[in-house]
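Work through the exercises below with the structure open beside you, and try each task before you read its solution.

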Amino acid sequence: MSEGLGAVAWPVRTERLEIRPATEADGPATWRYRRQESVALWITSAQPDSEHYLADFTEPARLAKTLVIEFNGHVIGDLMLAIEDAWAQTEVTDRARAVQAELGWSLDPAYAGRGYATEAVAELIRICFEELHLRRVLAQCFADNLPSWRLMERVGMRRESHDVRGSLHRSGEWLDGLAYALLADEWRSARPGAL
């Protein structure tokens, strides 16, 4: 069972990136790319201005599940890691507490197409399974957000559902939604050298 993000020795470094918990000071850097139309189109909450955005970003509950991606000391993206309970029948709810995580991400479009998002999300999944000892990760997106679901597939996640016009977009349109997931044992068996 997970002890939460405090169980990880931050920052975590990959070949090119550093991942660490977000702080209030990271708000302006994340606002710079989250306000761009290509990012704001898909994120859960697009704030109208920096004042509203920073108020939302610095909420303790949001900061507690937000990580930032740095490249050469600059914030180029952010990740969400929300540890949650799995659904369970009443008699076994204690065994389903804090065993999975919902993942999310945003990347500065200026850094797109270089594999940074894939590198960061692959590392986030490794953290979930190796350091937090979770049993499952999941992620969701609008079906029209091709870069997001293609990233899910690149890191080995499996499509679990495709709902038809089940997700309301801020445009007022009902759009198709996709859900992907990966189990710890699937992740382990897909790694090179797995037994």
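**Exercise 1.** In the hairpin of strand 3 and strand 4, find which residue takes a positive phi, and then work out how strand 3 is paired and covered.

*Solution.* The model is a predicted one. Start at the turn: two residues lie between strand 3 and strand 4 in this hairpin, and Asn-72 has a positive phi near 50°. Next, follow the two strands away from the turn, where strand 3 and strand 4 run antiparallel and are joined by six bridges; one position to look up is Val-68, whose bridge partner in strand 4 is Asp-78. Then turn to strand 2 (residues 18–21), which pairs with strand 3 in the antiparallel sense over four bridges, with Glu-18 opposite Glu-70 of strand 3.

For the last step, recall how side chains are arranged: in a regular strand they alternate between the two faces of the sheet. In strand 3, Thr-66, Val-68 and Glu-70 are on one side, Leu-67, Ile-69 and Phe-71 are on the other, and all are buried, so that both faces are covered.

**Exercise 2.** Decide which residues of helix 6 (residues 146–154) are buried, and on which side of the helix they are found.

*Solution.* First list the buried residues, which are Ser-148, Trp-149, Leu-151 and Met-152. They cover an arc of only 150° around the axis, and therefore they are on the same side of helix 6. The other side of the helix carries Pro-147 and Arg-154, which are exposed. Now look for what covers the buried residues: the elements include strand 5 (100–107), helix 5 (116–131), strand 6 (136–142), strand 7 (158–168) and strand 8 (174–183). Finally, look past the end of the helix, where Gly-156 follows with a positive phi, near 95°.

**Exercise 3.** Work out how many of the eight residues of helix 1 (residues 27–34) are buried, and what they pack against.

*Solution.* Six of the eight are buried, so helix 1 is largely enclosed by the rest of the structure. The buried residues are Gly-27, Ala-29, Thr-30, Trp-31, Tyr-33 and Arg-34. Their packing partners are helix 2 (37–40), helix 3 (50–57), helix 4 (60–63), strand 3 (66–71), strand 4 (74–84) and strand 5.

**Exercise 4.** Search the whole structure for disulfides, and say how many there are.

*Solution.* The search finds zero disulfides. Cys-128 is in none, and the nearest cysteine sulfur, that of Cys-141, is 17 Å away, whereas a disulfide needs the two sulfur atoms within 2.5 Å. As for their surroundings, Cys-128 is buried at a relative accessible area of 0%, and Cys-141, at 12% relative accessibility, also counts as buried.

Technical notes
Residues are numbered from 1 along each chain as its sequence is written. This is a predicted model: local features need pLDDT of at least 70, side-chain atom pairs count only at pLDDT 80 or more; totals for chains, interfaces and linings use all residues. Side-chain values use heavy atoms; hydrogens and water are left out. Buried means under 20% relative accessible area, exposed over 50%, partly exposed in between (1.4 Å probe, protein chains only). The arc is that of the directions from the helix axis to the C-beta atoms. Contact means heavy atoms within 4.5 Å. Two strands pair if DSSP finds at least two bridges between them.
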